[in-house]
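Visitor: I am new to this structure. Please take one part and show it to me closely.

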Amino acid sequence: MNKIIGRCIWVTGASSGLGRALVQQLAEAGNYVIASARSHTALVDLALQYPGKIKVFPLDVSHQLDMEKAAAQLREFTDYLDMVICAAGICEYEDNLSFDPTMYERTMDVNFLGVVRALNLALPLLRRAQQRAHFVAISSLSTCVGFPRAEAYGASKAALNYFMQSLRADAVKLPLDLTLVRPGFIATELVKNNDFSMPFLMTPEQASLRVIKGINSGKFLVDFPRRLSWPLGIASFFFNTWCKYFAPKLTRLHKL
Ligand SMILES: NC(=O)c1ccc[n+]([C@@H]2O[C@H](COP(=O)([O-])OP(=O)(O)OC[C@H]3O[C@@H](n4cnc5c(N)ncnc54)[C@H](OP(=O)(O)O)[C@@H]3O)[C@@H](O)[C@H]2O)c1
């Protein structure tokens, strides 16, 4: 049963993919949803589909100044938040051992610091939640084990995992629920240029249903699909075996 009804929810990364599907499904379920991303046109288009149920404002989570403007925008729409879902994310791959620091900065800025900034901004409103406050971060199953080319993306999501675990330990006595979601492959803009096989690929709508089900379950860690999370969990346990037998099939590097 969906228990997420009648809540005031802010979703980042709402202009496409998983974030957009979450906004649509949460609005359909009778929630008041505030949707943010950089592409204002896509957000307006989304709001037009659900008049009165979705409010939108443009936001770049990698800019502190934008976040300060966002605080004022959020307060125009609501004086409390019951839930925040941080879905904004980018993915860039490490190719040819270039270690371009600016690529690492971009990725950390959106995938990790973007979540910290969103929490910083939302916390005063979460403190006034009408129902129990809930903070949700979207990480990735890629953090189960070191994947070739994922040094930047995987590290940013691994930082997010640790942040959420540490926050959970800090919040054990607080009226704040936390969920860390680690999805497998979803057919979105983020992976549209991936030129490798993506097992058990889901649509954004399927993934969004799994996220909502996971939030409803009350679990801290929500991994899906299980067909992928279990093998990756085993791979993380036997990391030497992963490097010996699987990584050589995945890496594209042959010389230093
Ligand atoms: N697709 C997958 O296979 C997969 C797997 C595991 C986890 N995930 C995670 O799921 C989340 C959603 O990704 P997706 O697959 O739905 O990709 P997507 O369709 O590319 O959506 C990413 C969203 O993040 C927003 N965004 C990017 N940079 C931003 C910034 N600087 N400030 C604010 N918003 C920003 C984008 O909107 P604008 O460009 O309009 O700002 C877009 O709405 C991400 O955190 C991703 O890491 C995805």
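**A close look at strand 1**

Guide: Cys 8 stands opposite Tyr 32 in strand 2. Helices (H or I, at least four residues) and strands (E, at least two) are DSSP runs, numbered from the N terminus. This is a predicted model: local features need pLDDT of at least 70, side-chain atom pairs count only at pLDDT 80 or more, and totals for chains, interfaces and linings use all residues. Residues are numbered from 1 along each chain as its sequence is written, and side-chain values use heavy atoms, leaving out hydrogens and water.

Now the partners. Strands pair if DSSP finds at least two bridges between them. Strand 1 and strand 2 (residues 32-37) run parallel, joined by five bridges. Strand 4 also pairs with strand 1 in the parallel sense, over four bridges. There, Val 11 has Ile 85 as its bridge partner.

Next, the surroundings. Five of the five residues of strand 1 are buried (under 20% relative accessible area, 1.4 Å probe, protein chains only; exposed is over 50%, partly exposed in between). The strand is therefore largely enclosed by the rest of the structure. One side carries Cys 8, Trp 10 and Thr 12; the other carries Ile 9 and Val 11.

Take Trp 10. Leaving aside neighbours within four places in sequence, Trp 10 is in contact (heavy atoms within 4.5 Å) with residues including Ile 34, Phe 57, Leu 81 and Ala 118. Trp 10 is also among the four residues that touch the most other members of the largest nonpolar core, which has 34 residues. Such a core is a set of buried Ala, Val, Leu, Ile, Met, Phe, Trp, Tyr and Cys residues joined through side-chain atoms within 4.5 Å.
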